[in-house]
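Let's work through a few short exercises on how helices and chains pack together. Have a look at the structure first, then try each task before reading its solution.

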Amino acid sequence: MLARKHVLVLIITVVISLILSLVVFPIVALGGYLLGGWCPPMLGVHIVCFILWLIGFGYYGYVETKEMKGGI
Amino acid sequence: MIEFYVYLIIVTLIILLIGVWGYRVGKKTAFDYLIAGGTIGWIAGYFWIAFVIYSAWTFFGYAGYLYRVGPVYHYYPMLAHLAFAFAILILGRKFLAYRKIYGVLTPAHVLAIRYDSKMVGIVSAIVWTIFIIPYIGLQITAVGAMIKTFVGLSYEFGVIYMTIIMLILIFLGGMRSVAWANVFWGTIMLVAFIGPLIWAITLIPGGLEGASSAILQKDPDLLLFGKVSPIFGLGLAFAGLTTFCWPHVLMATLGMREKKTLVQVTILWLVVGGFIVYLGAFLWGNLVSPVLAPGLTGKAADTAVLVSIKNFAPYSVVLFVILAVLAAAISTANTQLMTSSALVSNDIIKGVRVLSDIQLIWLTRVITIIVIILGTLFAYAYPVEIARMLDYIASPGYSLMTAALLGLYWKKGTKEGVIASLIVGLVYLVIATYVYPPLLLGTHPAVVPVILAIAVYVLVSLGTRPSERALEAFEKTKEF
């Protein structure tokens, strides 16, 4: 069963990544800003989002695997 | 040129070996032929799923869009990575439960059981199959055009070679051979896509920083946001988030050994996809190709990566990259062919007629040939930019299944809700995309039809009652 407390970490990381990509990115990009003076904003968003998803899915997968009492 | 023939001979021999191996170890049952007997572990599982998703589109359509439109187009594949992680880990667990309890063989079969309705299985299979054909056409077009443009052989040579290779794998070893061949195809693609990228970056004065400055001076839109409206950009993001409905990806989850395999595949998917393949694809399309191969417009922009490589690398490297595009196309089209054929044989024909396992296997093989022909005809009849075949035609069609799939987690969902939502969504999508585009409200074709389809699903489901068997299926699989 989907353990709710583990899903919460996943949901939080996904929500933060969506805010970052759908709200922060357009503001930064349409404002004409580069990250660090040269990096396109989408590149920065991409890297941070994937780190967040790895934390969310990784934590969820790790805990679920640990609690698993055998394969399906 | 001779190098290309040598590459083709080696590849053909390896594929033949994988096909024969699959035939020898296969058990000649539909379960074994269609979903590899549920035996795929994490290494083959990762390559299977990842290189079903990474297709010729990664080389051509995606890079071409970034090149012409700018970084906002990255919304689609980036958020698709999130959606696919959801499909593999979360939906995949549910699918494995249906496989274990009910012995299902296809995603449409899962929905037929969940909603206790053969009609849901048939309609779902029809919708998925209709939209998978253009996607197969995309792969065939890309390979034929590339072979003609960059190798000098005929368009037909590319199409026929690709067809023969796919049929060898599918006829001999079924899904097991298709999955393991993706390990081979994926390795070629990784080497050919990332190796020249690192090389290319070293050739740009100032590296990535230099490329960024050059593009900023020439056309800031191509570096910062992109040449579409923010509302269309959000539509691209929405379309990316609905890619968990792709039938060939869901089909692959049914072939995985166990839940733990899904976790391993998901982690690899995010690590390799986020920090190698699609980081590389973004750099190719947004920063490197605009500097190394400037001035490409329209359909020519689809070849930006290949033209860039041609501008600095020896011809033998270009030919190897062409082989990698072929690998990318076949690795995707193979599973798509198996999936669409299985949907037709297992869910549409077997939905109305009793078939033995052997009949089902042979029917699937025959339908494979028909689907290849239809895909090729579609590509001939509707020659658009490669990117459009995926994100304007195939992907919005798959997205219509959003409500039905999310209904695996909503007890009140009913078969009437699924069928009504698919009919309304499909009619709206076709009219808005091909007859009266203002109905799309200025955003991506997936957005309005899918939101409408979800609303219809919820309203109709609330006005009807699920059957006892549908509720039983929901409860039995709830723990997963």
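## Exercise 1: two helices crossing

Helix 5 of chain B and helix 11 of chain B are oblique to each other in this predicted model. Work out which numbers lie behind that word, and which residues make the contact.

**Solution.**
- Step 1: Find the helices. Helix 5 of chain B covers residues 75-102, and helix 11 of chain B covers residues 247-254.
- Step 2: Check the axes. They come within 8 Å and cross at roughly 50 degrees.
- Step 3: Name the angle. Angles of 65 to 115 degrees count as roughly perpendicular and those under 35 as roughly parallel, so this pair is called oblique.
- Step 4: Add the hand. The crossing of the two helices is right-handed.
- Step 5: List the contact. Helix 5 of chain B brings residues including B:Phe84, B:Ile88 and B:Arg99, while helix 11 of chain B brings B:Val249, B:Leu250, B:Thr253 and B:Leu254.
- Step 6: Sort the residues. The contact has 9 nonpolar, 2 polar and 1 charged.

## Exercise 2: where the chains meet

Describe the contact between chain B and chain A: how many residues take part, and what area is buried?

**Solution.**
- Step 1: Count residues. Chain B gives 50 and chain A gives 36.
- Step 2: Look at the area. About 3,600 Å² is buried, with 83% of that from carbon and sulfur atoms.
- Step 3: Pick out the top trio. B:Met78, B:Leu82 and B:Leu224 supply 17% of what chain B buries against chain A, more than any other three residues.
- Step 4: Look for salt bridges. The count between the chains is 1, and A:Glu64 meets B:Arg93 in a salt bridge at 3.0 Å, N to O.

Definitions and conventions: Residues numbered from 1 in each chain as written. Chains lettered and ligands numbered in written order. Predicted model: local features only at pLDDT ≥ 70, side-chain atom pairs only at ≥ 80, totals over all residues. Heavy atoms only, no water. Axes fitted to C-alpha atoms, helices over the stretch in contact; angles between N-to-C directions. Helix = DSSP H or I, 4+ residues; strand = E, 2+ residues; numbered from the N terminus. Parallel < 35°, antiparallel > 145°, perpendicular 65-115°, else oblique. Left-handed = near helix turned anticlockwise from the far one by under 90°. Contact = heavy atoms within 4.5 Å. Nonpolar A, V, L, I, M, F, W, Y, C, P; charged D, E, K, R; others polar. Buried area = accessible area lost by both parts, 1.4 Å probe. Salt bridge = Lys/Arg side-chain N within 4 Å of Asp/Glu carboxyl O.
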